[in-house]
Amino acid sequence: MCYAVPFIVFINDVSGNVSQQWNKHNVVYASNANLPREMIEKEFSVKFVLSSPHASPIELAKAVCDSINSAAQNGVEAWDCKYDEEVLLLPYGFFFAEECSHNGLGCNLFCRTCKVGGTKAHKASEEGFLELFSEGPLRTPHETDAEIRRQLSMSVLPGAQSKVDSARQATGVWDSGLHSIIHTLIEMGKQLRKARPDNSQASEDAIRKQLETELDRLLQPHSVDDWINPLLGLAGVNIHMDTPTEILHTVLLGVVKYFWGQTVHIIEKAKSLALLEARMESLAVHGLNLPAFVPAYICHYRGGLIGKHFKSLAQVMPFLIHDLVPQDVLDGWNVIGELVVLLWHTSIEDREVYLACYYSPVKLLNLRG
């Protein structure tokens, strides 16, 4: 009997010190995604894989990918105690990491999953703004790999710095594994193209040949394939699609945080912040399964709240501000409250019903955006 075993692979930076002094280590953990929810969240179900204070997440991912590919190719023999027989396990990985060779939100195409976006002028137009709430053409590992190679080839050309920066800004693609090599080639090219004391200058062909020789030296003893993000070539995985959305930063520290900021601005302008705090103090939160809810702290440090505060506020804000803000702001909080409850479901009994409920507040939130 053969079993496919999905692994949840999580890469994060943590402190290696027991004290509060920060000592950054990149750490890789893994969990068996076949485990039921009530078991997968237990500490003993999260397995340590490797850690390093020096290696980057991409370098750690390369080692993890090699292990997963080897195990998937050869299988792992195990004993099934339930059916009392020998079985073969074939693992594959889901990465809870944002290592998709994407350059972040500052790019024209800011999404790591699709190509929604455009230039600043286009996004500011009515047509471009509406497009931000629709899915763009999906990214593929093959296209991302090709763009990384294109940027590497640009690093030996004249004006390499502006060419690479423009490509990175326009496409959103940037590979951290090749960053040091590209930077070295760009700086070397600048020096080689400078005029000499006698005002002579080497030919462009000679400079490019020298840079290509340096590139070969920097890649040794490996090839370009070994330097490019290994997650792009992981068998059976589309790293753009199979990296789950991280709802803490996307929702609580994204939508909820900025909606809270705008709401507080309205309330402060109306000089009603004290009233908001008084209503928070009067809330009965016993049935909401909230952590410590301290209204004085929330109102005093309203610009520096964290995820747990926003998760609490999303559930109670409509009851606090029903007569303090315009109706469209109140409607927005109603939609956010419904969405947060759906996103933090730990068990979905009927997927079709859940998705129908989920898409309704998402569409409403987009329309209000």
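These are my notes on one asparagine, one helix and the cysteines in a predicted model.

**Asn108**

I started with asparagine 108 and looked up where it sits. It lies in the loop that runs between β5 (85-96) and α3 (120-124). Is asparagine 108 buried or exposed? Its relative accessibility is 16%, so I put it down as buried, the cut-off being under 20%. Then I listed its contacts, skipping neighbours within four places in sequence. Val116, Gly117, Gly118 and Thr119 are among them, and so is Lys123. Gln169 and Ala170 also touch asparagine 108.

**Helix α14**

Next I checked the length of α14, which covers residues 327-343. With 17 residues at 1.5 Å a residue, I expected a span of 24 Å. The C-alpha atoms at its ends are 24 Å apart, so the two values agree. Which residues of α14 are buried? I noted Val329, Leu330, Gly332, Trp333, Val335 and Ile336, then Gly337, Leu339, Val340, Leu342 and Leu343.

**Cysteines**

I went looking for disulfides, with sulfur atoms within 2.5 Å as the rule. How many disulfides did the count come to? I got 0. Cysteine 2 is in none, and the nearest cysteine sulfur, on cysteine 81, is 18 Å off. Cysteine 2 has a relative accessible area of 48%, so I logged it as partly exposed. Cysteine 100 is in no disulfide either; its nearest cysteine sulfur belongs to cysteine 111, at 9.4 Å. At 1% relative accessibility, cysteine 100 goes down as buried.

Technical notes. Residues numbered from 1 in each chain as written. Predicted model: local features only at pLDDT ≥ 70, side-chain atom pairs only at ≥ 80, totals over all residues. Heavy atoms only, no water. Helix = DSSP H or I, 4+ residues; strand = E, 2+ residues; numbered from the N terminus. Buried < 20%, exposed > 50% of the residue type's maximum accessible area, 1.4 Å probe, protein only. Contact = heavy atoms within 4.5 Å. Expected span 1.5 Å × (residues − 1).
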